[in-house]
Amino acid sequence: MSDPTAPSRYQLAEIGALLAEPARAAMLLALIDGTARPAGELAQAAGVGAATASAHLKRLLEGGLLAVHVQGRHRYYRLAGEEVSALLEALALPRTRPSLPEPAGGDRALRLARTCYRHLAGRLGVGLCDAMLANDHLHMTGEGLRLRESGVVALVSAGLQETSARSLLLQQGRSCLDWTERRMHVGGPLGVSLTDAMLEAGWLRRRSGSRALQPSDDGLRRLISLGVRIDAGA
């Protein structure tokens, strides 16, 4: 008996058709960092005119991949949820070739550390998840990932503010498959809050015009103190 909650072949075909247009794919990728952007910015990212962008955005909204926030006369588009971001990242997996030489420039920066719908991904993301699980600071529940009390102690010892670290106990996370490393990083509200805390503490910095994150020298030392292998995947 088929599962009524499972997607049908027609739904999968519809999603495939939405993603098959390069301009629509470019718009979705521009929003994968969790931001909300106006149509003009998305048109520029896709390299199309305003009328064409409007038609693409309408299809993405109708297809359930985008949501829109109306503020006065302005409309801001964002991904419909973290599930869409996870879908986009996962779709890149079949074409990832770990045996290829290390990419240069911005690609290398993205592979080291980037935002995946506002949580930390890349080598540092999977390295942090691996270390927290190995040291029993994170544990898997039926609902996903949860931070243990020992995780709070470890994060505070590494330099996070205790109030920030302790608030993470209230957040639920999930394992998110990393498209460059093919291992798991911490996603969900826990991943978002943990990344926000590291940004606030100066361990990580945002790069202008990119979803790549730049770890500070001090941040790298603190991540290493948590057991993160900076050379993981090199």
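Which residue takes a positive phi in the hairpin of E2 and E3? The answer is Gly72, with a phi near 65°. This and the other close-ups below come from a predicted model.

**View 1. The hairpin of strands E2 and E3 has 2 residues between its strands.** Strand E2 covers residues 66-71, and strand E3 covers residues 74-79. The two strands run antiparallel. They are joined by 6 bridges. One pairing to pick out is Val70, whose bridge partner in E3 is Arg75. Gly72 is the residue with the positive phi in this hairpin.

**View 2. Arg78 sits in strand E3.** Its relative accessible area is 34%, so Arg78 is partly exposed. Beyond residues up to four places away in sequence, Arg78 touches Leu31, Thr35 and Ala36. Arg78 also touches Leu65, Leu66 and Ala67. Leu65 is 13 residues from Arg78 along the chain. The C-alpha atoms of Arg78 and Leu65 are separated by 8.7 Å.

**View 3. Lys58 and Glu62 form a salt bridge within helix H4.** The closest N and O atoms of the pair are 2.5 Å apart. Helix H4 spans residues 50-62 and holds both partners. Lys58 and Glu62 are 4 residues apart, about one turn of the helix. Glu62 has 56% relative accessibility and therefore counts as exposed. A search of the whole structure finds 11 salt bridges.

**View 4. A salt bridge links Asp196 to Arg118.** The N to O distance is 3.7 Å. Asp196 belongs to helix H10. Arg118 belongs to the loop between strand E4 (114-116) and strand E5 (119-121). The pair therefore ties together parts that are 78 residues apart in sequence. Asp196 is partly exposed, at 31% relative accessibility. Arg118 is partly exposed too, with a relative accessible area of 40%.

**View 5. Glu149 and Arg166 meet in a salt bridge.** Their closest N and O atoms are 2.9 Å apart. Glu149 lies in helix H8 and Arg166 in helix H9, so this pair ties together parts that are 17 residues apart in sequence. Glu149 is partly exposed, with a relative accessible area of 40%. Arg166 is partly exposed, at 34% relative accessibility. Which residues make up the network here? Glu149, Glu162 and Arg166 are joined into one network by salt bridges that share partners.

**View 6. Gln161 occupies the loop between helices H8 and H9.** Helix H8 spans 149-158, and helix H9 spans 162-167. Is Gln161 buried or exposed? Gln161 is exposed, with a relative accessible area of 57%. Ala201 is 40 residues from Gln161 along the chain. The C-alpha atoms of Gln161 and Ala201 are separated by 8.0 Å.

**View 7. The largest nonpolar core has 29 residues.** Those with the most contacts inside this core are Leu120, Leu128, Leu155, Met198, Trp203 and Leu204. Helix H7 (123-134), strand E7 (144-147), H8 and helix H10 (188-200) each supply at least two residues of the core. Focus on Met198. Leaving aside neighbours within four places in sequence, Met198 is in contact with Leu120, Leu128 and Leu160. Met198 is also in contact with Trp203, Leu204 and Leu223. There is a second, separate core of 21 residues. Among its members are Leu42, Ala43, Ala46 and Val84.

**View 8. Cys116 and Cys176 are in no disulfide.** A search of the whole structure finds 0 disulfides. How far from Cys116 is the nearest cysteine sulfur? That of Cys176 is 4.1 Å away. A disulfide needs sulfur atoms within 2.5 Å. For Cys176, in turn, the nearest cysteine sulfur is that of Cys116. Cys116 is buried, with a relative accessible area of 1%. Cys176 counts as buried, at 2% relative accessibility.

Terms used
Residues numbered from 1 in each chain as written. Predicted model: local features only at pLDDT ≥ 70, side-chain atom pairs only at ≥ 80, totals over all residues. Heavy atoms only, no water. Buried < 20%, exposed > 50% of the residue type's maximum accessible area, 1.4 Å probe, protein only. Core = buried A, V, L, I, M, F, W, Y, C linked by side-chain atoms within 4.5 Å. Contact = heavy atoms within 4.5 Å. Salt bridge = Lys/Arg side-chain N within 4 Å of Asp/Glu carboxyl O. Pairing = 2+ DSSP bridges.
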